[in-house]
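Biologist: Could you walk me through this model and tell me how its labels are earned?
Modeller: Gladly; let's look at it together.

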Amino acid sequence: MKTFKIDWLVLPLIGVACVLVAWSVSSATWAKELPSPLKTWEASKPYIVEPFAKRGEMDQGILRFTWYSLTLVAQGYAISLLIGTPIGFFLGLSKTFTKIFDPIIQILRPVSPLAWLPLGLVLFMSAGKEAGTYGALFTIAICSMWPTVLNTAVGVRAVPQDYLNVGKVLKLSRWKTLTKILVPATLPYMFTGFRLSLGIAWLVIVAAEMLTGRPGVGGFLWQEYNSLIYEHIILSIITIGVIGFILDRLMSLVEARFKAIS
Amino acid sequence: MSKFLEISQLVKTFPTPKGPLTVVRDFNLGVKKGEFIALIGHSGCGKSTVLSMAAGLTDVTEGGVILAGKEVTGAGPDRGVVFQAPCLLPWYTAFENVMLGVDQVYYTASAVERRQIAEYYLTIVGLGESMHKRPSELSQGMRQRCGIARAFALSPKMLLLDEPFGMLDSLTKFELQDVLLDLWQRDQKTALIVTHDVDEALYLADRVVMMTDGPEATVGDILEVNFPRPRTRKQLMEDPEYYRLREHLITFLNERSHLRPGKEASPALAHH
């Protein structure tokens with residue numbers, strides 16, 4: 001019991017302390033513009049103590065900003081799963097499909113969100129005021145889709161021949177083979193993809209908000225940089241990290257559940 | 001009596017990096033309705049390939065398989081297959097695994113009737129108490145029981161069993177052999193079992209087909225097993241005929257299995 005607490009509480013706290021020391025030393029010596037931990041806390045306090053306050057468009061509690069960001073991520077992420085999962089199935093099932101589309105996927109996959117966003121804005125220019133939202137959604141969807149696509153494809157290819165033989169012997173229809181054998185057998189892989197995709201979707205949101213100036217954690221970060229309030233940059237970074245961590249943990253829990261079944 | 005299953009001039013060739021490899025060649029076998037055939041041979045001789053072709057899971061290179069007057073062109077629920085690994089879908093319970101097949105075959109029956117069919121076979125194989133458990137909660141032997149129930153519940157024309165008890169300990173194996181014989185007798189099925197276990201072949205089968213070693217494996221010899229049914233292990237053990245047949249099988253597997261029939265080699269070559 002005692003070692004258990006040391007493992008998950010004390011040791012990680014030592015890590016946090018190390019970073020705090022390095023941060024304090026840096027701000028006191030070579031990086032004079034970097035606010036110290038204490039100054040950061042003081043400047044951030046109103047945003048943390050009243051996390052849902054709304055004092056103005058770009059002056060809101062940190063959790064309120066987080067909420068805006070999360071809603072946008074959720075929409076973009078949903079689009080990416082809805083498009084990415086079927087593509088993954090086609091890639092896994094058809095060699096021809098793989099030969100046609102795999103090269104282009106491999107080329108599009110490493111493109112940075114910063115490169116996609118301007119294209120997204122151009123694509124939805126006709127949407128006027130909503131162009132920023134649509135462009136951001138486009139960017140989140142296209143950047144976060146690839147882990148889902150590739151993991152699903154790997155999962156479909158890894159379905160044991162034995163299970164497929166069961167389907168063949170029973171002469172299951174294509175639809176039944178898909179829903180009763182392929183999808184359940186692929187689920188653990190799909191969820192690994194979903195988890196990685198969510199991580200990327202959360203990464204992209206910040207870039208998208210910074211460039212479009214939408215209210216949210218990323219938009220806040222960029223605005224405070226322009227207003228020279230550097231403490232809030234650090235507040236935003238910590239928030240982004242913590243939220244990303246929580247999302248990943250939640251997805252891991254779901255993923256573990258599906259791994260346990262099959 | 002006319003042949004229910006007719007395997008004629010069967011050839012199977014697999015492509016390999018070193019060129020095509022003929023695993024089975026000129027394999028001929030006729031099986032009467034209701035007959036229990038055991039196909040025995042060394043591991044890797046191609047006996048499972050023959051079964052897989054009869055099941056329609058592997059394509060035939062040359063020759064053909066005719067079941068009840070129709071050529072086998074693909075897999076289908078008219079042949080119940082029991083694999084070496086039970087191949088249950090891990091995300092379904094034993095009952096749901098059986099139902100998957102029952103729903104396919106008895107699509108005109110009512111939901112209640114279909115449930116009853118699945119429950120009936122699961123109970124006979126001894127899974128009455130644990131039919132709603134997932135495969136991960138069942139022992140290896142119980143999983144194979146479920147595999148057998150699934151095959152019989154399809155009400156197939158023919159049963160094809162690919163070393164179904166190969167992975168079980170001998171006590172469980174004996175139990176399941178009895179379960180299999182019991183079901184086979186109730187439903188009056190035609191059955192083909194692939195095995196490398198001499199005692200299993202003699203206990204279950206009406207005829208034991210001995211295969212020569214691959215490549216180009218074929219039927220080496222066929223042994224009639226005329227013990228009365230229902231058989232008991234004890235009765236067989238006390239019959240001197242049993243040991244004569246056993247001797248015959250073992251001699252074939254040890255000394256003659258590498259010889260293709262028709263080109264009876266000289267003793268010198270046989271001991272090469």
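**How the labels are earned**

Modeller: The centres of domain 1 of chain A and domain 2 of chain A, taken over C-alpha atoms, are separated by 30 Å. Domain bounds come from an automatic or database domain assignment. This is a predicted model, where local features need pLDDT of at least 70, side-chain atom pairs count only at pLDDT 80 or more, and totals for chains, interfaces and linings use all residues. Residues are numbered from 1 along each chain as its sequence is written, with chains lettered from A and ligands numbered from 1 in the order in which they are written.

Biologist: What makes helix H9 of chain A mostly covered?

Modeller: In H9(A), residues 217–226, 7 of the 10 residues are buried. Buried requires 20 or more other C-beta atoms within 10 Å of a residue's own, with C-beta atoms placed from the backbone (12 or fewer is exposed, in between partly exposed). Among the buried ones are A:Phe220 and A:Trp222.

Biologist: Why are H3(A) and H9(A) called oblique to each other?

Modeller: They pack at an angle of about 125°, with axes 7 Å apart. Angles under 35 degrees count as roughly parallel, over 145 as roughly antiparallel, 65 to 115 as roughly perpendicular and the rest as oblique. H3(A) and H9(A) are therefore oblique.

Biologist: Which residues meet there?

Modeller: A:Phe65, A:Thr66 and A:Ser69 of H3(A) meet A:Val217, A:Gly218 and A:Phe220 of H9(A); contact asks for C-beta atoms, placed from the backbone, within 7 Å.

Notes:
Helices (H or I, at least four residues) and strands (E, at least two) are DSSP runs, numbered from the N terminus. Axes are lines fitted to C-alpha atoms, for helices over the stretch in contact, and angles run from 0 to 180 degrees between N-to-C directions. Two residues are in contact if their C-beta atoms, placed from the backbone, lie within 7 Å.
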